[in-house]
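Good morning, and thank you for making time for this presentation. Please have the sequence and the model open while I speak.

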Protein chains: 2
Amino acid sequence: MSGTKCTRLSGAPVRRLLDSVDSVLFDCDGVIWRGDQAVPGACRVIDLLKEHGKKVFFVTNNSSKTRRMYAEKMSALGFGVSEEEVFGTAYCCAAYLRTVCELEGKKVYLIGSAAMAHELEAVGIRQTGVGPDHVSGKQGDWAAVPLDPDVRAVVVGFDEHFSYMKLNRALQYLLREDCLFVGTNRDTRLPLEGGKAVPTGCLLQAVETAAQRRAQTVGKPNHFMFDCVASHFGVQPERCLMVGDRLDTDILLGSNCGLKTLLTLTGVSTVADAEAHRESGCAERQGMVPDYYVDSIADLLPAL
Amino acid sequence: MSGTKCTRLSGAPVRRLLDSVDSVLFDCDGVIWRGDQAVPGACRVIDLLKEHGKKVFFVTNNSSKTRRMYAEKMSALGFGVSEEEVFGTAYCCAAYLRTVCELEGKKVYLIGSAAMAHELEAVGIRQTGVGPDHVSGKQGDWAAVPLDPDVRAVVVGFDEHFSYMKLNRALQYLLREDCLFVGTNRDTRLPLEGGKAVPTGCLLQAVETAAQRRAQTVGKPNHFMFDCVASHFGVQPERCLMVGDRLDTDILLGSNCGLKTLLTLTGVSTVADAEAHRESGCAERQGMVPDYYVDSIADLLPAL
């Protein structure tokens, strides 16, 4: 298989690939939209996949929106999608805490967005509040900052109000051995048009470095995100296709979970990146080589 | 030599060691003071070393004070020290930028303290200002945040006003290839009494992760801090003793610069830590094995 990986997908093989799967997972940014614009043809691809009886899901590491917010954005862009089909890290983080951790009656110290707080509360998990937390007092007082005795987990996602005091508060909780540590994702920054970028997952790394502990993450490439989809909808890995624009998150998730993988070139990664992984001779990097690639998911249209 | 490293220093060998050096470098926190209290006997050790004609210097990675602020703190604790004898990372960072980087007429984007701003300005380097920088606007605007066209370096030290917006601004500067990147130190957190700690150097790591660039650091264990002392005062490495409580900063600095090294057990590291490095068989870790150790620098008193 490895000799034929990373091949351009076109013609008859497109139909054969689609016939071989019942479900298709799409990453969002760089795959079905870019910023605030739908990728041309993407809406039609989703519609036609559904008409052909495929289950379609959306998996995104961006923790700044609830499932409902994603469904609304997608609707505004012309996609016919329900919120049950969307799996963002805000939702998956809440699902992880509810199903894996035993937090009954306990609380979460949250470094994250209002969307994350909303998804936590939707599954009955209390959190300490979001928004600004500016430094006060003197350095000697910071290690003695008041802590909520009900907190049993620190959760770190994207937080535009990230601050020294939040970092410090997270550290103080994490110095307790019984405090769980969960992060949404490790993508270090969000690439934007024109080579621009803003910081994202590096917040988690700052907390990890301070605490000298490693968080459990729920986002891609961790298999938990696929487990969420699979457990809700009975998806069989070998009958599922993962479509994404990032080798280190989307394609690696697919490889980690035994899915077929398709790289689309409308986002971050290039064919040269994928080929470099394939030729590296490094076993760890083979999971970042997609089975196939297309210029855009619109290339699937002729087979639909 | 390695077979006899990490030996307890007492009796006649103390005098022999002191006779073999002209200069002694002390780390501060955990060595000559702990928090706001002088280590018992430390003032007398410093005084007697000077009376015996030794040059004495103080090297600290803590970037929150200027040389003058350190001299004032030391004076208040009973040490007879002048500010020229103190080398903190705030000062050394300014010295590095002035002597190594070509910043004439240019500016620094500073994530750091008022003390760092002061030391930069004292050597004629302008900076963009310190203090709070809270997030504003929407995510789409952050990558287009206004940048100062004169900035040619990002400098990261300890900053209690560290925020998402500062991280973002640093990233935007560092996306320019001609922007230098300098950090004070990499110690991830500042240990306090009773197992407590507050975050410190992890701020640098957050910026590095976002920018996907590695900063040049001036603090221990980087040799620049010793170079600063040596170039000002003509110190010969082989006639110099480094005294510290941390293996990964103080002792490693000494090893990196060819100094004799003495671990004192009034701070962070233990003899067991040092022995673990010695027995590891790992070449990289041998630099963290001190030549000698003492319970406290007061153990030097009988030889003085």
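I shall go through the relation of the chains, the annotated positions, and then several individual sites.

A word first on the nature of the model: it is predicted.

Let me begin with the two chains. In general, two copies of a chain are related by a rotation about an axis and a shift along it. Here, chain A is superposed on chain B by a rotation of 180 degrees with a shift of 0.0 Å along the axis, and the RMSD is 0.0 Å. That is the relation of a two-fold axis. Within chain A, the C-alpha nearest that axis belongs to A:Ser163, at 2.1 Å from it. Both copies use the same surface, since 100% of the contact residues of chain A recur in chain B.

I turn now to the annotated positions. Which residues does UniProt list for "binding site"? The unreviewed entry lists A:Asp27, A:Asp29 and A:Asp245. These are spread over 219 residues of sequence, yet they cluster in space, the largest C-alpha distance being 8.3 Å. The "binding site" annotation in the unreviewed UniProt entry also covers A:Lys220.

Consider A:Asp27 in detail. The residue is found in the loop between β2 (23-26) and β3 (33-34) of chain A. Is A:Asp27 buried or exposed? Its relative accessibility is 7%, so A:Asp27 counts as buried. Setting aside neighbours within four places in sequence, A:Asp27 is in contact with nine residues that I can name: A:Ile32, A:Val59, A:Thr60, A:Lys220, A:Met242, A:Val243, A:Gly244, A:Asp245 and A:Asp250. Two of the annotated residues, A:Lys220 and A:Asp245, are therefore among the contacts of A:Asp27. With A:Lys220, the side chain of A:Asp27 makes a polar contact at 2.8 Å.

A:Lys220 itself is placed in the loop between β13 (216-217) and α9 (224-233) of chain A. A:Lys220 is buried, because its relative accessible area is 3% and the cut-off for buried is under 20%. Leaving out neighbours within four places in sequence, the contacts of A:Lys220 include A:Asn61, A:Asp187, A:Met225, A:Thr249 and A:Leu253.

A:Asp29 lies in the loop between β2 and β3 of chain A. With a relative accessible area of 30%, A:Asp29 is partly exposed. Not counting residues up to four places away in sequence, A:Asp29 touches A:Arg34, A:Gly35, A:Leu190 and A:Asp245. The side chain of A:Asp29 also makes a polar contact with that of A:Trp33, at 3.4 Å.

The next site brings both chains together. A:Arg189 lies in strand β11, residues 189-191 of chain A. How far away is the nearest side chain of opposite charge? That side chain, A:Asp248, is 10 Å away, and A:Arg189 is buried yet has no salt bridge. The side chain of A:Arg189 does reach the backbone oxygen of B:Ala211, at 3.4 Å. Apart from neighbours within four places in sequence, A:Arg189 is in contact with residues of chain A including A:Ala197, A:Pro199 and A:Arg246. From chain B, its contacts include B:Leu171, B:Leu175, B:Ala210 and B:Gln212.

In chain B, I would point to B:Gly201, found in the loop between β12 (197-199) and α8 (202-211). B:Gly201 is buried, with a relative accessible area of 10%. Neighbours within four places in sequence aside, B:Gly201 is in contact with B:Asn185, B:Arg186, B:Asp187, B:Thr188 and B:Arg189. Between the C-alpha atoms of B:Gly201 and B:Glu177, which are 24 residues apart along the chain, the separation is 24 Å.

Now to helix α9 of chain B, residues 224-233. Which of its residues are buried? They are B:Phe224, B:Met225, B:Phe226, B:Cys228, B:Val229 and B:Ala230. As a general point, an α-helix has 3.6 residues a turn, so residues three or four places apart point the same way. The buried residues of α9(B) pack against the strands β2 (23-26), β5 (55-60), β6 (86-88) and β14 (240-244), and against the helices α4 (89-99) and α10 (247-257), of chain B. After α9(B) comes B:Gly234, with a positive phi near 60 degrees.

My last site is A:Ser296, in the segment after β16 (292-294) of chain A. At 12% relative accessibility, A:Ser296 counts as buried. Its side chain reaches the backbone nitrogen of A:Ala298 at 3.0 Å. Not counting residues up to four places away in sequence, A:Ser296 touches A:Val39, A:Pro40, A:Thr264 and A:Thr266.

To close, I return to two points. The chains are related by a two-fold axis, and the polar contact of A:Asp27 with A:Lys220 joins the two side chains at 2.8 Å. Thank you for your attention.

Notes:
Residues numbered from 1 in each chain as written. Chains lettered and ligands numbered in written order. Predicted model: local features only at pLDDT ≥ 70, side-chain atom pairs only at ≥ 80, totals over all residues. Heavy atoms only, no water. Helix = DSSP H or I, 4+ residues; strand = E, 2+ residues; numbered from the N terminus. Buried < 20%, exposed > 50% of the residue type's maximum accessible area, 1.4 Å probe, protein only. Lys, Arg positive; Asp, Glu negative; His and termini not counted. Salt bridge = Lys/Arg side-chain N within 4 Å of Asp/Glu carboxyl O. Polar contact = N/O pair within 3.5 Å; in protein donor to acceptor, adjacent residues only side chain to side chain. Contact = heavy atoms within 4.5 Å. UniProt positions renumbered as here; feature names shortened; annotations may be inferred. Least-squares fit on C-alpha atoms with pLDDT ≥ 70 in both.
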